[in-house]
Amino acid sequence: MKRLRIAVAASLMLSVPGCAGLGALMTGPPAPLAKTTIDDRALETAWKTFDVALDAINLLTDKGVIVPGTPRARSIAAAIRKVNSALAAAERFAAAGSATDYATALREAVAGVNEIRTALGSA
């Protein structure tokens with residue numbers, strides 16, 4: 001019975017006009033990606049904000065509020081690494097969204113996932 005349902009669903013997908021189900025997979029390679037780009041203004045703003053935060057941390061370190069080697073300083077350094085990795089991952093995903101071919105998009109997406117893993121692992 002399960003095979004019958006799968007066969008009926010597949011035949012419907014192949015016969016319904018405009019349905020890109022299994023029929024699209026059987027007609028050849030995928031169409032090239034559209035030449036779209038991701039609007040990265042938010043990402044640029046995030047990087048600039050991160051830079052301002054780093055400047056503030058450096059200033060606090062220079063003034064002795066943050067003492068290098070203390071648990072607080074190590075915690076701040078770990079947070080900096082996490083934010084840096086997260087922003088790098090966001091850049092990879094933006095690059096994947098702006099890619100003009102599937103291989104490049106996939107490589108960038110995988111790199112983004114690896115950046116996220118790095119960010120999560122550096123807790």
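Student: Where does Ser-85 lie in this predicted model?

Tutor: Ser-85 sits in helix α4.

Student: Why is Ser-85 called buried?

Tutor: The relative accessibility of Ser-85 is 11%. Buried means under 20%. The value falls under that cut-off, so Ser-85 counts as buried.

Student: Which residues is Ser-85 in contact with, leaving aside its neighbours within four places in sequence?

Tutor: Glu-115, Thr-118 and Ala-119. A contact here requires heavy atoms within 4.5 Å. All three residues appear on the α5 side of the contact between α4 and α5.

Student: What makes α4 and α5 roughly antiparallel?

Tutor: Their axes cross at roughly 165°. Angles over 145 degrees count as roughly antiparallel. The crossing angle is over that limit, therefore the pair is called roughly antiparallel. The two axes come within 8 Å.

Student: What is the handedness of the crossing of α4 and α5?

Tutor: α4 passes α5 in a left-handed crossing.

Student: Which residues meet between α4 and α5?

Tutor: From α4, the list includes Ser-85, Ala-89, Arg-92 and Phe-93. From α5, it includes Ala-105, Ala-111, Gly-112 and Ile-116. By class, this contact has 12 nonpolar, three polar and four charged residues.

Student: Why does Gly-112 go with the polar residues?

Tutor: The scheme places Gly among the polar residues, so Gly-112 in α5 is classed as polar.

Student: Why is Ala-111 called buried?

Tutor: Ala-111 is in helix α5, residues 102-121. Its relative accessibility is 15%. The cut-off for buried is under 20%. Ala-111 meets it, so the residue counts as buried.

Student: How far apart are Ala-111 and Phe-93, in sequence and in space?

Tutor: They are 18 residues apart in sequence. In space, C-alpha to C-alpha, the separation is 8.3 Å.

Student: What about Ala-46: why is this residue called partly exposed?

Tutor: Ala-46 belongs to helix α3. Its relative accessibility is 29%. Buried needs under 20%, and exposed needs over 50%. The value lies in between, so Ala-46 counts as partly exposed.

Student: How far apart are the C-alpha atoms of Ala-46 and Leu-87?

Tutor: The separation is 7.7 Å, with their positions 41 residues apart along the chain. Both residues are listed in the contact of α3 with α4.

Student: How do you know that α3 is roughly antiparallel to α4?

Tutor: The axes of α3 (residues 41-62) and α4 (residues 71-98) cross at roughly 165° and come within 11 Å. The limit for roughly antiparallel is over 145 degrees. The angle passes it, so α3 is roughly antiparallel to α4. The crossing is left-handed.

Student: Which residues make up the contact of α3 with α4?

Tutor: Leu-43, Trp-47, Phe-50 and Ile-57 are among those from α3. Ile-76, Val-83, Asn-84 and Glu-91 are among those from α4. The classes are 13 nonpolar, one polar and one charged.

Student: Which residue is the charged one, and how do you know?

Tutor: Glu counts as charged, so Glu-91 in α4 fills that place.

Student: How many helices and strands are there in the protein?

Tutor: Five helices and zero strands. From the N terminus on, the order is α-α-α-α-α.

Student: What share of the residues counts as buried?

Tutor: 17% of the 123 residues. The accessible surface is about 8,900 Å², and 65% of that belongs to carbon and sulfur atoms.

Technical notes:
Residues numbered from 1 in each chain as written. Predicted model: local features only at pLDDT ≥ 70, side-chain atom pairs only at ≥ 80, totals over all residues. Heavy atoms only, no water. Axes fitted to C-alpha atoms, helices over the stretch in contact; angles between N-to-C directions. Helix = DSSP H or I, 4+ residues; strand = E, 2+ residues; numbered from the N terminus. Parallel < 35°, antiparallel > 145°, perpendicular 65-115°, else oblique. Left-handed = near helix turned anticlockwise from the far one by under 90°. Buried < 20%, exposed > 50% of the residue type's maximum accessible area, 1.4 Å probe, protein only. Areas by Shrake-Rupley, 256 points an atom, 1.4 Å probe, with all protein chains shown as cover.
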